[in-house]
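Visitor: I should like a close look at the charged side chains of this model. Please take the salt bridges in turn, and then turn to any charged residue that is left without one.

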Amino acid sequence: MSHSPITFIFGVLGNIASFVCFLAPLPTFYRVCKKKSTEGFQSIPYVAALFSAMLWIFYAYVKTGETLLITINAFGCVIETIYLAIFITYCPKKARMSTLRMIVLLNFGGFCTIVLLTHLLAKGEGRVKLLGWICVVFATSVFAAPLSIIRVVIRTKSVEFLPFPLSLLLLVSAIMWLLYGISLKDIYVTLPNVVGLTFGIVQMVLYAMYRNKKPVKDEKLPEHKGDINNDENVVPSVTDENEQGVGDIEIGGKKEEKEDEQPEPEKKQDQVVEDQTELNDKKKTGDPERESCQV
C-alpha cells in the first residue's frame, strides 16, 4: 500500500520523534548499571510499552503496507527488551519475580490470546477493526501515564519531575503520528494520538505556569532551618539551667548544713539544763562523786 508524500513525511518525522523518546530512559539505565541498583523505580511502564509496541507491529502486519509503523515499533520492542533485561538483572528478588510474572502474563499470555482471538473471531477487514480497537485501548492507557506526573506538578507547583525536552518530544511525536493517521484516514492511529496531544499540551501549559516558581518543599525549608537554629539556641539555656540547678544544690547543701549546725547549740543548752538539774538532784541526795567533780 503506497502512501502520499505528505503521509510519508509525517510517518518519517513520527519515527524520528518516537526514536528519541525510546532512547530517553538511557541515562537512567546507565546509572542503574553503574550503581548496580534499580533505586526503587518500577518496571510497569517498560512492560506496558513493550506490549503496546508488539500490538502495533501485529496491527501493521495484519493491515499490510504499514512499514513505518513496523520500523519504529520493532525498534521499540528491542530497546524495551534491553531495558527490562537490565532491570531484571539489578532489581531486588521480589521486584524481579513480579516483573517476570507481568512479562509472562501480559507480553506472552496476553499477546498470544489476542492473536488467537482475532484470528478466531474475525476475518479480513473485521480482524483489522477488532485489532485496531484493542491497540487504541492500550495505546490510550500508555498515553494516559503522564497523569501521575501532572498531578505531582499541580500539587508541588514545581516542574522538577516534568523534564521539558522529553515532554516536548512526546508532544511532537503525538502531533506527527496524529497527522499521519489523519492523512492516512486511519482512526486507530488517530485516536490515541489525540489523547497524547491533549496531555502534551497540558504538560506544556503547566511548565509555562510553574517553571519560575519554587517547589512547595523548598518554601518549607527555611522553617526547618529555623527549627534547627532554635534547637541550637536552646542548648546553652539547658546548660545554664543545669548549671543553675547545680548551684541550687550546692546552696541547698549549705543551707542544710547550716540548718544542721543550728540545732546543735540548742541540744547543748538542753544538755546543760539536764546536767544542772541532775547535779542539783545529786546535791540533794549527797552524791560525793558529783560534789568532787563540781569542785
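Guide: In this predicted model, glutamate 39 and lysine 35 meet through their side chains in a salt bridge, with N and O 3.1 Å apart. Lysine 35 is exposed, its relative accessible area being 52%. Glutamate 39, in contrast, counts as partly exposed, at 38% relative accessibility.

Glutamate 39 also pairs with arginine 31, and the closest N and O atoms of that salt bridge are 3.1 Å apart. Arginine 31 has a relative accessible area of 35% and is therefore classed as partly exposed, since that class lies between the 20% limit for buried and the 50% limit for exposed residues.

The structure holds four salt bridges, and another of them joins aspartate 186 to lysine 63, where the closest N and O atoms are 2.5 Å apart. This pair links distant parts of the chain, for its two residues are 123 residues apart. Aspartate 186 lies in the loop between helix H8 (164-184) and helix H9 (187-210), whereas lysine 63 belongs to helix H3 (residues 44-63). The partners also fall into separate classes of accessibility: aspartate 186 is buried, with a relative accessible area of 3%, while lysine 63 is partly exposed, with a value of 21%. As for the pairs described at the start, salt bridges that share partners join Arg31, Lys35 and Glu39 into one network.

Side chains of opposite charge can pair when their charged atoms come close. Against that background, arginine 127 deserves separate attention. Arginine 127 is located in helix H6 (residues 125-143). Arginine 127 is buried, yet has no salt bridge. The nearest side chain of opposite charge is that of glutamate 125, 10 Å away; a salt bridge would require a side-chain nitrogen of the arginine within 4 Å of a carboxyl oxygen, so this pair does not qualify.

What, then, lies around this side chain? A polar atom of the arginine 127 side chain is 3.3 Å from the backbone oxygen of alanine 122. When neighbours within four places in sequence are left aside, arginine 127 is in contact with Val62, Thr118, His119 and Ala122. Alanine 122 thus appears both in that list of contacts and as the residue whose backbone oxygen lies 3.3 Å from the polar side-chain atom.

Definitions and conventions: Residues are numbered from 1 along each chain as its sequence is written. This is a predicted model: local features need pLDDT of at least 70, side-chain atom pairs count only at pLDDT 80 or more; totals for chains, interfaces and linings use all residues. Side-chain values use heavy atoms; hydrogens and water are left out. Buried means under 20% relative accessible area, exposed over 50%, partly exposed in between (1.4 Å probe, protein chains only). Helices (H or I, at least four residues) and strands (E, at least two) are DSSP runs, numbered from the N terminus. Lys and Arg count as positive and Asp and Glu as negative; His and the chain ends are not counted. A polar contact is a pair of N or O atoms within 3.5 Å; within protein, one must be able to donate a hydrogen and the other to accept it, and residues adjacent in sequence count only if both atoms are side-chain atoms. Contact means heavy atoms within 4.5 Å.
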